[in-house]
Amino acid sequence: MNVGNGGGSFCQPIFDKLVHEAIDMCALQEVDLNEENRLSFVKFWTSKGWHAVVPTPGAARARSAIVSRVPMKVNCGDSFFKFLFVGFYGYAGNTGDTHALLRTTCADLAPFGLPFVIAGDFQFLALEAPVSWALAQGLFYELDDCRSGRPPPTGPGNTRCIDYAVASASIRASRACTFEGTADHCGVWYDVDQWAVKPPLQPPCYPAPVRHTAPDVCAAFLSEAFTHAFACADTVEGQWEVLASYADHALTDTPLEDSRRHCDWEPRRRERVTHKAAAASEPLDVRRLRRLHRRLCHAHRHGCHASLLAVLRRNVAQMCDPFPSLGHLREGLCDFGSAASDVLEVLRAREQELRDCRLKAWKLRCKDDMSRQRQWIKQRTELCLQRDAGAVGPEVARHTAVLPQAVLEHEGPQWRRLWTAVEDQEAREHQVDALLGSLPSINVPDCSFDLSSAALRRSMRKMLGRKGGCDGFTAEQLLRLPDAWWTGFAGLWANILSQGEIPSSWKRIGVSLIPKASGGYRPIGLACLAWRCGARCLCLGLKPWSDAWAGATAFGGLPKRSVADVHRRVHHALRRGTRVAVQEDLRRFFDSIHVPLASRVLEHFGIPRVALHVFQSFYNRQQRMLTVQGCCDQQWFQASCGLIQGCPLSPLVGAAVMQVWALTVQPHGVIPLTFQDDRTLLAVRGSAEQQCSSLRGALGYSRRFDQAFALSCDPRKSSVIGSGPAEALAASLGYECCDKLSLLGVTHPFDVDCPKELARLSFERILVRLRYVGAVTGRPVQTLQHLHCLCYSPFLWAAGYAGPSKDEVHSLMEPIKSSLRAILTREAPPALFHEIFEWKTSPAFCYDRATLLAGIRMHCLRYEWHEHLPLDELAVPWHEALPCAAALLSKLQWTVTPDGGCINRIDGGGVTRSFRIGFDGEHVLREWLLLHHRRAALTKCARVNRSLRREGEGLAQGLDLPGPPAASFVRALGHRQAWKEAHDIESKRASFATGGSIWHCGKKLNLTDVSSRACTCGLLAPSRAHRTWVCPDTADLRRSIAMPLTRCQDRLMAVESCEEPPAPFAFANEELVSDTAEGLVLHDHTVVAATDGSSEANIGAYGFILHGTEVQVACGSSDEDQGSFKMELLSLEILFRVVLACRTAALLDLHVLCDCESAITALRSSPEAGGALPLLVREVAAFRNALVSQGTQVHLHWIPSHGKISARWIPWEGAHPDLQSALNDQVDKLVSRKCKSRLHGSRREAFQLMLQRHCAWEYKAVQASAEAARRLHAALMGVG
């Protein structure tokens, strides 16, 4: 069907026409899609559930496209029939080229060996030379042979039949029909009886929610009836029926007796609706306009009889009210062609109005919805990459199933056979018991499960956006339900734990087959969200149990273990001398695990009985159904094997099974590492020959494990890494031999001095994402979030181990600028816009910072499984364990103490500055890192490092000033302030030191001969610097601004800054503690203390008071971090140390009033929780625990700070609230006085005053530049 240059703009009318005519596949001509329209075109048809094929970019526009309701494979009886469908567009009036194109098309189709259909606008009659020659040669046959006569005309003017289809000999049409198209061509469809395209089997369609907010759902929920019905239900089946029915009623208004959410169902075929009124999605007036236009065209081409004329008059009268421009048609319908043109003009205007409205509505929906924006960027990127990927070859096309029913028919038997495998269970159980009997015993800790309504709600929030299970509930819907429902849900889970049974409907799992990039399918089970919610809570409660057996070999699916830990262990093994390794991938690991065998493993490891019974109940008589793209298999089947991928318990159970393998092979001189179904063996001792021998022995025991658990390795994905003897080992195993270990996204060379590489990093994908980030975001803050989430995260995750090269990072800068093109021009200097955007626009800075943060985490965090690491590996400091750390530290000219606990640098004044990891805040290290990147950015700034002053007479030039001193940098504080307060584009441009010149304004105003344009002072071609600092017309703007002294101040309007000086000296806490505790005796059983920490101008102080005594302590710290949070922690630490040091034989309770809620939360959290200043928090907690061990209970009470009123404050009952507030105020004043005394006269006070002066100067200069730009723009507007 020829759509007349409207393929990109009129997708909806084309779709409505195809649905109305019940067409399954269509070749479209004259779609005229440009590079971006191609993506929108494909996305539209995909959203309708259709398939779209557009030619790969080769020309400026794509002239043809194919759309299909089904892929190019249809079912024929009980089998499937695959054929090729070709869209053809001939050369108008060119017989030779059209014939050559036909021959080329047939030659290209021949290698596929498949039947074909060629449909389109051939530009010639089938009886004319180009097509008749091909017909005579038997290249194809006409599908119009089924007509009793020649087909009617289809081309413009109703003169020739040039739109039709031809096919190979095996395809014959039974019926053909010509219909009105959407443009000046008619369309043609053909029926092929041998193709019986049956509607697919689908799950039931549950009613859509009618209430979309929690208050509305809660108001409609029948609380009293629900409470009574739930109390009467005495089984988990009955309780879930009550929960599901009442939730369904509250959400969708379904009567309780009609709800089927808890019931079993069978897939059914749903016939597609083909009525044109139901299919059309356009407004009624547009559909009426189309109908009127079609009728007028018909009357013009075929004549108008009386009944048609009467209908036309009624239609015209109906359309004149909404479209007054058609009023002249009321007078009479004499010229139907002219009337059709008038209606078409109105129709096109109305369509454009609708498109504008839809675009505006889409932008409004995306404006504040970051999730929707990310989804659009990802989808658009993948469409672009798929478009550029190229076509599928003949061999792949011949053997690849694309129709969902075909995929189910081809893949279904394989998966059913795997999941219903009947093994010699008794023999395998004996083998597994033998393996388990040889393993060391495990001390199992106690586990507790939090399945309260609050915990279940938290778990459900983690599943927002996830697809629901067979009951159709989504997390968004369930979270709208009231507290009464969640209380009942918690009661259901309590009964599940006590009875060890779960509702039968939770055991019906829809398994969706997801295509893998490497080929094949990955089965993802979609269990009910009610099961996944509770199972996730079970996993959290099982953490102490998993820590007891997982050791330092199992990673993936276990808490507090990450991919970075695997790479750390691999890197250390390579440093110890690993020369040979074996990497194996288990074939369909999760799907091959037998639940009885896995249960024996869990039982051996001592899993709590309640959790084991729930796990076994979930898989007992479990039923599964395969689905592909929403199409279901024919029936449910009972599975006896395989863990559900998508169930929260599966990674934990899989890790337990793999840990048996690790414990089996570990005693044989190798290091086993597992990450779900990937397992790696590293040999660490002796020569390469000896390591190969160790690996052979370990692999023998590995095969025993595989045989016991009915597992097998995939030789195509397994490899031996090494050289020399490793090649013989690879040959004996049938594996590939490699020289690099590629594991979990990072490639490890065996030479530790060689840099590691990111194995799966696609910079093409990052660049395409950057292109679309700027297209969808409306505010810079959104752009910055997308930059980090979508463009930096693909390489930041591996920071410290591998990263992009300098050239790759540099290649991102221009696309990043382009993503901010609404406010940034290409001339914007990075030294300024990085500062304004807090350096989130610098991928190099973000990567360096991520590397340092990885080192901080490695040094500070100690998990229970670290105790299983070898001592030599555990003792390696972070700067040696991270391969990229040494190069970064060398680049920054920093040093690290041997234990890795302190980073040192020498500042500009020659003073050694120290950052104590875990004791100083990360913001200090960030400021240090910024010094390097700020200097580098200013050094690379062309307008600063060399003079760009123009030479010539009569030019409006700027100042001629020297460059800044070496190693200078800017902070651009005034630019940041001006940017935040900017109210127009001139102020925003001036903040980046862009715009405001004759070249910028000339381009904006489309002025010609820009260089000859004069400034308001009469000189030619005024620059920004001239307008800001020299032009007499702007002298009033700079009257209160000191003139610049360097090119940096002149061209960037930024003052060179300096490093922050060290904090004032403070005495060590040891002396203060001993002096305070000397002679202090606490006779009371209960003591009340108040603590406080304060910081002003980055100088801190802290202290405490003891109520009922004269003790009042206030002091400072010399550390780099002078933040208030650290001061609060130090105040608690010195209090605990003083109380420990004094005589406190009678002290039973120490009550501490503290106005820092974060400090209290940190001390109450687990040592593994991390957070800010983790080592300092651990140290303070140690002093508190020492008091507790001496018999003194420590109670921390939060109190609002500085006399604030808070509804959350619950005063401690042991003292009057007024007394508590008075004590907090007293210690606050004490510490504040100390802080001010330390600040007064210090170098940091002078530094802060200097920054204020610089900020004020820069702000005034930016404002003057913005106003100068406005005046120039106004003057040029008057000229132009």
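**Figure 1. Domain layout of the predicted model.** The protein is divided into six parts: domain 1 (10-73 + 81-202), domain 2 (284-367), domain 3 (410-754), domain 4 (758-940), domain 5 (949-1055 + 1250-1277) and domain 6 (1069-1241). Between the C-alpha centres of domain 2 and domain 5 the separation is 56 Å.

**Figure 2. Strand E1 and its pairing with strand E3.** Strand E1 covers residues 25-33, and 9 of its 9 residues are buried, so the strand is largely enclosed by the rest of the structure. E1 pairs with strand E3 (residues 62-68) through 6 bridges, in the antiparallel sense. At one of the paired positions, Leu33 has Ala62 of E3 as its bridge partner.

**Figure 3. The buried side of helix H4.** In helix H4 (residues 129-136), the buried residues are Pro130, Val131 and Ala134. These residues lie on the same side of H4, because they cover an arc of only 90° around the axis. Helix H3 (95-109) and strand E9 (163-167) are among the elements that cover them. Just after H4 comes Gly138, with a positive phi of about 75°.

**Figure 4. The largest nonpolar core, with Trp485 and its contacts.** This core has 116 residues. Trp485, Phe489, Trp493, Trp506, Trp531 and Phe709 are the residues with the most contacts inside it. Helix H25 (residues 649-665) contributes the largest share of the core, 12 residues. Which residues does Trp485 touch, not counting residues up to four places away in sequence? They are Phe221, Phe226, Trp240, Leu243, Ala247 and Leu478. Another core lies apart from this one and has 103 residues, among them Tyr801, Ala1101, Val1138 and Cys1235.

**Figure 5. An open sheet of 6 strands with mixed pairing.** The strand order is E16-E21-E22-E17-E23-E24. Strand E16 (554-555) and strand E24 (736-738) are the edge strands, each pairing on one side only. Helix H21 (residues 563-576) packs on the sheet, where it touches E16, E21 and E22, and its direction makes about 160° with that of E21. Within the sheet, strand E21 (residues 670-675) and strand E22 (residues 678-683) run antiparallel and are joined by 6 bridges. Phe675 stands opposite Asp678 of E22. Helix H27 (residues 725-733) lies across strand E17 (581-585), strand E23 (719-721) and E24, and runs at about 170° to E23.

**Figure 6. An open antiparallel sheet of 3 strands.** The strands follow the order E25-E26-E27. At the edges are strand E25 (740-743) and strand E27 (757-758), each of which pairs on one side only. Strand E26 (residues 746-749) is joined to E27 by 2 bridges, and the two run antiparallel. Across this pair, Thr747 stands opposite Glu757 of E27. H21 packs on this sheet too, touching E25 and E26; the direction of H21 makes about 10° with that of E26.

**Figure 7. The surroundings of His879 in helix H35.** Helix H35 spans residues 878-881 and contains His879. Is His879 buried or exposed? With a relative accessible area of 15%, His879 falls under the 20% limit and therefore counts as buried. Leaving aside neighbours within four places in sequence, His879 is in contact with Ala885, Ala886, Leu889, Val896, Thr897, Pro898 and Gly900.

**Figure 8. Helix H44 and the elements that cover its buried residues.** Helix H44 runs over residues 1069-1077, and among its residues Asn1069, Val1073, Thr1076 and Ala1077 are buried. Why do these residues lie on the same side of H44? They cover an arc of only 90° around the axis, which puts them there. Their cover includes strand E32 (1099-1106), strand E33 (1112-1116) and helix H45 (1124-1141). Gly1079, just after H44, takes a positive phi of about 80°.

**Figure 9. The hairpin of strands E32 and E33.** E32 and E33 run antiparallel and are joined by 5 bridges. Phe1104 stands opposite Val1113 of E33. The hairpin has 5 residues between the strands, and Gly1108 takes a positive phi near 90°. Both strands also belong to the cover over the buried residues of H44.

Notes
Residues are numbered from 1 along each chain as its sequence is written. This is a predicted model: local features need pLDDT of at least 70, side-chain atom pairs count only at pLDDT 80 or more; totals for chains, interfaces and linings use all residues. Side-chain values use heavy atoms; hydrogens and water are left out. Domain bounds come from an automatic or database domain assignment. Buried means under 20% relative accessible area, exposed over 50%, partly exposed in between (1.4 Å probe, protein chains only). Helices (H or I, at least four residues) and strands (E, at least two) are DSSP runs, numbered from the N terminus. The arc is that of the directions from the helix axis to the C-beta atoms. Contact means heavy atoms within 4.5 Å. A nonpolar core is a set of buried Ala, Val, Leu, Ile, Met, Phe, Trp, Tyr and Cys residues joined through side-chain atoms within 4.5 Å. Two strands pair if DSSP finds at least two bridges between them. Axes are lines fitted to C-alpha atoms, for helices over the stretch in contact, and angles run from 0 to 180 degrees between N-to-C directions.
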